[in-house]
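The exercises below are meant to be worked with the sequence and the coordinates open side by side. Each one sets a task and is followed by a solution in steps.

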Amino acid sequence: MNTPPAERRSAFARLRNSPHALRSALVLFAGTIIALVWANLPDSNYEEFWHLPLGFGIGSFTFDLDLLHWVNDALMALFFAHVTLEVRRELELGELRDWRRASVPLVAAVAGLIVPALLYVAVTWGSGSVGGWGVVVSTDTAFVLGMLALVGRAMPPALRVFLVTLAVADDVGALAVIAFAYTDDFTPAPLLLAAVGLGVIALLRFARVWRGVAYLVPSVLVWVGFLLSGVHATLAGVAIAVLLPIFATRFDDIRRAQDHVRAFQMAPTAGYARTAENSLARAVSINDRAYNTLTPYVSWFILPIFALANAGVRITPDSLQDAFTSRLTWGIIIGLVLGKTVAITGATWIMARLRPDALSPSLRMSQILGVSLLSGMGFTISLFVVELAFDDPIDVSRAQIGVLAATVLAAALGAIAFSVLNNRERRRFPDRDRLLRPLDPDRDPVLGDPSTAVITVVEYGNHTTPFLAGSTEMRQEMVGRFGGDVCHAFRHLPLEEPLGRSTALAAEAAVPQGRFWEMRDALLAQAPIRNDRQIRRAAAAAGLNLRRFEHDWMRMIGSERVDQDIDEARAMHLTQAPTFFIDGRRYTGAIDPDSVNSAVAQALAAAQAAAATVDRARRP
């Protein structure tokens, strides 16, 4: 039976609009299936193909590797560079920067490295396969995030943050295992070449060279040096990524880029275009640009090719019987599925008891259990370590079958767990796009009269980022354009801790003086807020009595309202500031004055039309 074209288009549209992690996992899964089918075809040439040599020669000099080693040594170096770039970003600017937030998933990740390895060793002790313990220490980030996007859509955003932090720390541990446990035939001399390349990268970083192409040649030297030394070449990607410059985007760079873009708009010439392009590139660190450049290649090419080259396990009744009667296979399954689940859930439970404030209030242990089950999907790095840990083809086959079985089992158990959790979440919050608590003029700062307004606009926002400069313009246009037909209210969503919360409390300290909106505008003018001096300057600019403001700010006047706003935002899974609710429904369009006010105009017209219909129906 043929699928109707409309349904096919709908399916493709759903896939195109699905989360990136889900699409990436589906492509990785497709590569795995193709490899398994290819390897099990009659007279398959799977092994022969991946051992074909590929290289180049210049005169008497030749350099070649077989296709499998090009994938595992070269392409996977880019994968590990991509992982390390994310690790550095999290350490410098993200969740791992705040030890209080990061401590629970970090401790869980360490437990998730140690406990599975101990279980594997216990199961395989005395079998000659103990050296493969590194197979069970890693979690496949791409598969797990994809599965969470597929089966955990009703879960709070904090769960994904927990999983990403866990996966990043897990990847660091896996890289350490590869570096120290699976490096053979070490030849130190070629590392001098790698040291030269790393030295050049360090000099370029010190000189603040912002053109990414300048880092390319020394990066190739580093990779060649690692490859020739016997240290696994993938670690070259780690070393390079550690040294690449990273910094938060500075407000001055944003303004400079805006000026150059504006100049190009006024005079669209090649010179102005190049200047604008360069100023935009300089505003973003090499780390961010390299990460975003590599992401599509890692997701759509490197990981699927890796799966295609490494997941082609020859599966026959005899190989399955041999594998599932082998302690090696069961050691991997038990280590990944049971070990990861017990370690991550247990460590999180202990940390939550020792430090109750370290785990996000929106997370529950049942959700952590679901993530722990999914973390048993070792796949990518597990298959990678299989090739390093075992030389005997029979052991390689047993280990590969164990990794595949553990991945399938962990995915199935995680899907069942999240199915139960999703049903529970849907019963608690049947409609997450609806405002959880209606506007309350006795509690919320408001512009307009709710009793006479046709519609309400509730904004969940903060005061600290430089990207909210249009908020004042948006609000002024809304008031001027719609007058008393619209009532606008503000609620706190301070995403940037700790100054985000401190700034929210500063805004609350202006309420007793009746100057909340003036204080909000003054804070936005000072953004990005980096210290308390900027908050005090904003208070002066807002016309506040500074002695009274300081007293109320230090006493944390309004902290209960701030905390309630944050809790409700978490319950509605709000991850972006600002987020608008127009007449009680979440607005999901572009965040700029024209787009938001256009949506307000449409909602106002619809409400007025509905009111007119009701009036006509009431007339005799």
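**Exercise 1. Two helices in contact**

Helix 9 and helix 10 are oblique to each other; in this predicted model, derive that description from the angle between the axes, and then state the handedness of the crossing and the residues that make the contact.

*Solution.* Step one is to take the two axes, of helix 9 (residues 216-229) and helix 10 (residues 234-243), which come within 8 Å and cross at roughly 140 degrees. Step two is to compare this angle with the cut-offs: an angle over 145 degrees would count as roughly antiparallel and one from 65 to 115 as roughly perpendicular, whereas the rest, apart from angles under 35 degrees, count as oblique. The pair is therefore classed as oblique. Step three adds the handedness, since helix 9 passes helix 10 in a right-handed crossing. Step four names the contact, to which helix 9 brings Ser219, Val222, Trp223 and Phe226, while helix 10 brings Leu235, Ala236, Ala239 and Ile240.

**Exercise 2. The nonpolar cores**

Find which residues have the most contacts inside the largest nonpolar core, and which helix gives the most to this core.

*Solution.* The largest nonpolar core has 118 residues, and those with the most contacts inside it are Trp50, Phe79, Phe80, Trp223, Ile332 and Phe418. The helix that gives the most to this core is helix 4 (residues 67-92), with 13 residues. For a closer look at one member, leave aside the neighbours of Ile332 within four places in sequence: Ile332 is then in contact with Tyr120, Val135, Val136, Ala399, Gly402, Val403 and Ala406. A second core, separate from that one, has 23 residues, among them Leu505, Ala538, Leu544 and Ile566.

**Exercise 3. Two residues compared for burial**

Decide whether Thr348 is buried or exposed, do likewise for Ser366, and list the contacts of each that lie beyond four places in sequence.

*Solution.* Thr348 is placed in helix 15 (residues 327-354). Its relative accessibility is 0%, so Thr348 counts as buried. Beyond its neighbours within four places in sequence, Thr348 is in contact with Val104, Ala108, Phe162, Leu359, Met365 and Ile368. Ser366, in turn, belongs to helix 16 (residues 365-374). Here the relative accessibility is 25%, so Ser366 counts as partly exposed. With neighbours within four places again set aside, Ser366 is in contact with Leu421 and Arg424. The C-alpha atoms of Ser366 and Ala417 are separated by 8.4 Å, although these residues are 51 residues apart along the chain.

**Exercise 4. A hairpin and an open sheet**

Describe how strand 1 pairs with strand 2, and then trace the order of the open sheet of 5 strands.

*Solution.* Strand 1 (residues 53-58) is hardly covered, with a count of 0 buried residues among its 6 residues. Its pairing with strand 2 (residues 61-66) is antiparallel and runs over 6 bridges. Within this pairing, the bridge partner of Gly55 in strand 2 is Asp64, and Leu54 stands opposite Leu65. The hairpin has 2 residues between the strands, and Gly59 takes a positive phi near 65 degrees there.

The open sheet has the order 3-5-4-6-7 with mixed pairing, and its edge strands, strand 3 (446-447) and strand 7 (585-586), each pair on one side only. Strand 4 (residues 455-461) and strand 6 (residues 579-582) run antiparallel and are joined by 4 bridges, with Ile582 of strand 6 as the bridge partner of Val457. Helix 21 (residues 516-526) packs on this sheet and touches strand 3, strand 4 and strand 5 (486-492), its direction making about 65 degrees with that of strand 5.

**Exercise 5. Positive phi outside glycine**

Locate Asp43 and Met556 in their loops, and state how accessible each one is.

*Solution.* Most residues other than glycine have a negative phi. Asp43, however, has a positive phi near 55 degrees, and its place is in the loop between helix 2 (20-39) and helix 3 (46-50). With a relative accessible area of 81%, Asp43 is exposed. Met556 also has a positive phi, near 60 degrees, and lies in the loop between helix 23 (546-554) and helix 24 (559-571). At 42% relative accessibility, Met556 counts as partly exposed.

Notes. Residues numbered from 1 in each chain as written. Predicted model: local features only at pLDDT ≥ 70, side-chain atom pairs only at ≥ 80, totals over all residues. Heavy atoms only, no water. Pairing = 2+ DSSP bridges. Contact = heavy atoms within 4.5 Å. Axes fitted to C-alpha atoms, helices over the stretch in contact; angles between N-to-C directions. Core = buried A, V, L, I, M, F, W, Y, C linked by side-chain atoms within 4.5 Å. Buried < 20%, exposed > 50% of the residue type's maximum accessible area, 1.4 Å probe, protein only. Left-handed = near helix turned anticlockwise from the far one by under 90°.
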